[in-house]
Each structure stands twice: as structure tokens, then as C-alpha cells.
Amino acid sequence: MNVGLERVPQCMICGTEGPWLHRDLRDPRYGVRGRYHFRRCPRCSLVWLDPRPDPASIALCYQKYYTHTAEPFGSCFPERRRFRHLRDSIRTAILCGHFGYRNGHSSHGMCRLGVLLASVKILRHRAVFDDLAERFPVFVKRPDNLLIDVGCGRGDFLARMKSLGWNVLGIEPDPVSSSITRARGIDVFNGTLNGARLADNTADEIGVNHVIEHVHDPLSLLQECHRVLRPGGRLALYMPNIDSLGHRFFGRNWAGLDPPRHLFHFSPRSIGELLRRSPFRRYRIRTAVKISPGMYDTSLAIREGGLNGCEEARRRRGRRIFKTLEALLCAAGIPAGEEIEVVAFR
């Protein structure tokens, strides 16, 4: 079955017609047929796919997607590490003293040091599993607390947070990924956040991790997140950065482009413009380098001919230098990180 396409010549933020940025791209990983083109807005720097898969056929682009492979939920505390007990004690102290996760242990003697230990950035980031950074929320100690993950995939993040005491809900339009999440004992709605029709003021925390670039109406998604959040609730939003060092270096071979699944690409400037049109009034935007090595490896593999489906790119020489250079640019105030991180408050 062919993917149905719709034309989108104008920027969805400001209405300006955008010149071509990249033309005649192919799906570099999953083999969806067709040639795809990206435009860039000269006013707000938004990048978008034109033409793009229409809502009725977008699911065809995900038939071989990586979230269709179930992976076992690993332990929060790996068994074989040097200084394992010391490292776990420090992690527990930070999770309890700084983030408020008190239900995983009974002795809280060292937890008083958690606030002090968390002031050291590297310790705080290592304490949150897989370096979740701003995705990792402060615990809300209330029976009806709720964390929602929009585009939850196979539920890896929700499984982690449920084990730490959260009530969780996944939102996932892909039926295969939804069934994997449900099999793990996690509540999931197979559809979109708008389609779930949740009540106002429902969630304490919403995560939208590398999802907004996949949706046809990003502004509507932000509006719905704002409506569903409780007053004081928080939205953690991540997406690729079209102004990253990786895109500037690799161009049309940059792994973040991912046509035809990525319908939009944001820069710090364009996501700021979109947020200003949303109901959110308190937010902060920065770029991060966490995923830089993987983006470097994958972009090189695409340049050399692409990858086969869920195949991971092998580690390449130069990945650490690339990450270090990107980190130095970010430290100098140049938003060149591979990933945009937005934290917004209701």
C-alpha cells in the first residue's frame, strides 16, 4: 500500500512559504518508499516535510519501527559494578533527599545528605537512571499522582517510574507498541493525547520525548498538554535540534532528519515561537549533548549507505571529540546541541 501524501508549502507557525532545504531524501533505515523534501522558513527557522504522509496513512511509515521490539525491563541497580554499594547509596540519598522518592528503602540516615549531593550536577545526573535529566520528575506524594508519557513506545520510561511509585499512563498511537506496553502491566491509551479526552487538571507531569516532530499539529498537542496538566504541573519536551552541530556537519545525512516520520524540525528559535502561541507562559529552552555520540555514529552510517531497520550503528572514531566540541559550543552560548530540551510549567 502506498503512503498518501499532502502538500504543506507554508510554515505552520507564521504562514511563510519556505524555500527548499533538502530534496530527494530517502528513508535511510526502514525502507518506506518515496523521495522526501524539507522546507525551511526564512522567518522563524522551522523546517518541515513537504509533501508529508497524511494522517490516514502515517502508520505505514512505522511498520518496522524499533518500538515494535520488546526488551526486558532491566533492574534499576545493575549487579556488577565497581563500588556498587557506595554508588547505590549515593543514588538513593539523592533520589530521596532531592527528588522525594522515599518508598524504596526504610533507612533514611544518609538521605539528609541528598540535597547537598544533588547540588553537584554530575552526581544528580548520574542518580537519575539512564541520565534522564529533566525527564526525571520530583515525586508527588499523593494517591492520585499521575505521570503521562505521550508517545510512550514500548513503555520503558513508564515502567521505571511506576516502579518508583508513580501512577502512570501511556499515550501511544501505534497498536503494536501499545500492546507491548500493556503486556508490561502499564495503562496505555492507543491513540493520541487529544483522542484520550482526559479531564482537565489531571496530570502532575507530562513527558513528550522525541514525539512532537512526529505529529501533524504540534500546537494542538501543546494546548492539550496545558489543559491536562494540574496547576503547577510540568511538561518535559525533547526533540532534535535542526541548528545542531550534527546537522551543520552532516547535512542531508544527519540522522535526526528521519524522513518520512519526522514531519517537523525545530530550532530553539522556532520552538520558542511555537510556545509563545501556546497557553504556556513559563518555560525554559536549552540544547543538550547527551545523544551526540549516537547521532554521530548513525549519521556516518547513513552517509555510507544507511542502516537496516533496528540495526544499531557501530561506534566510530571521533565520537568523543564531536561531543566535546558540541559541549564547548553550548557552554559558549551557541545552541549547537543535538537535542532541544524544553521544560514548561502550567
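How many salt bridges does a search of the whole structure find? The search finds 22, a salt bridge being a side-chain nitrogen of Lys or Arg within 4 Å of a carboxyl oxygen of Asp or Glu. Before you start clicking, note that this is a predicted model, in which local features need pLDDT of at least 70 and side-chain atom pairs count only at pLDDT 80 or more, while totals for chains, interfaces and linings use all residues. Residues are numbered from 1 along each chain as its sequence is written, and side-chain values use heavy atoms, with hydrogens and water left out.

**Stop 1: Asp50 and its arginines**

Select Asp50 and Arg7 to see a salt bridge whose closest N and O atoms are 2.9 Å apart. Asp50 lies in the loop between β4 (47-49) and β5 (52-53) and Arg7 in the loop between β1 (5-6) and β2 (20-25), so this bridge ties together parts that are 43 residues apart in sequence. Helices (H or I, at least four residues) and strands (E, at least two) are DSSP runs, numbered from the N terminus.

Is Asp50 buried or exposed? With 0% relative accessibility, Asp50 counts as buried, whereas Arg7 is exposed at 53%. Here buried means under 20% relative accessible area, exposed over 50%, and partly exposed in between, with a 1.4 Å probe and protein chains only.

Now add Arg39, which also forms a salt bridge with Asp50, with closest N and O atoms 2.6 Å apart. Arg39 belongs to strand β3 (residues 36-40) and is eleven residues from Asp50. Both Asp50 and Arg39 are buried. Keep Arg39 selected and show Trp20: the charged end of Arg39 sits over the Trp20 ring, 3.9 Å from its centre. For a charge to sit over a ring, NZ of Lys or CZ of Arg must be within 6 Å of the ring centre and within 35 degrees of the ring normal.

**Stop 2: Glu205 and Arg234**

Next, select Glu205 and Arg234, a salt bridge with its closest N and O atoms 2.6 Å apart. Glu205 is in strand β9 (residues 203-209) and Arg234 in strand β10 (residues 229-240), 29 residues apart. Glu205 counts as buried at 6% relative accessibility, and Arg234 does too at 13%. Widen the selection to Glu134 and Arg284, since salt bridges that share partners join Glu134, Glu205, Arg234 and Arg284 into one network.

Stay on β10 and pick Arg230. Arg230 is buried at 17% relative accessibility, and its side chain makes a polar contact with the side chain of Asp144 (3.1 Å). A polar contact is a pair of N or O atoms within 3.5 Å; within protein, one must be able to donate a hydrogen and the other to accept it, and residues adjacent in sequence count only if both atoms are side-chain atoms.

**Stop 3: the aromatic rings**

Which residues form one aromatic cluster with Phe99? Select Phe99, Tyr101, Phe136, Phe139 and Trp166 to see it. Rings of Phe, Tyr and Trp (its six-membered ring) pair if their centres lie within 6.5 Å; planes under 30 degrees apart count as stacked, over 60 as edge-to-face and the rest as tilted. By this rule the count comes to twelve aromatic pairs. Take Phe99 and Phe136: their ring centres are 5.0 Å apart and their planes at 85°, so the pair is edge-to-face. Phe99 is in the loop between α1 (84-97) and α2 (114-118), and Phe136 is in the loop between α3 (121-127) and β6 (147-150), 37 residues apart. Both are buried.

Beside Phe136 in sequence, select Arg135: its charged end sits over the ring of Phe157, 4.1 Å from the centre.

**Stop 4: strand β6**

Finally, show β6. Leu147 and Asp149 point one way and Ile148 and Val150 the other way, and all are buried. Strand β7 (residues 168-171) runs parallel to β6, joined to it by four bridges; two strands pair if DSSP finds at least two bridges between them. Across this pairing, Asp149 stands opposite Gly170. β6 also pairs with β9 in the parallel sense over four bridges, where Val150 stands opposite Val208.

Last, add helix α4 (residues 156-163): β6, α4 and β7 make a right-handed β-α-β unit. Right-handed means that, with the strands pointing away from the viewer, the path from the first strand over the helix to the second runs clockwise.
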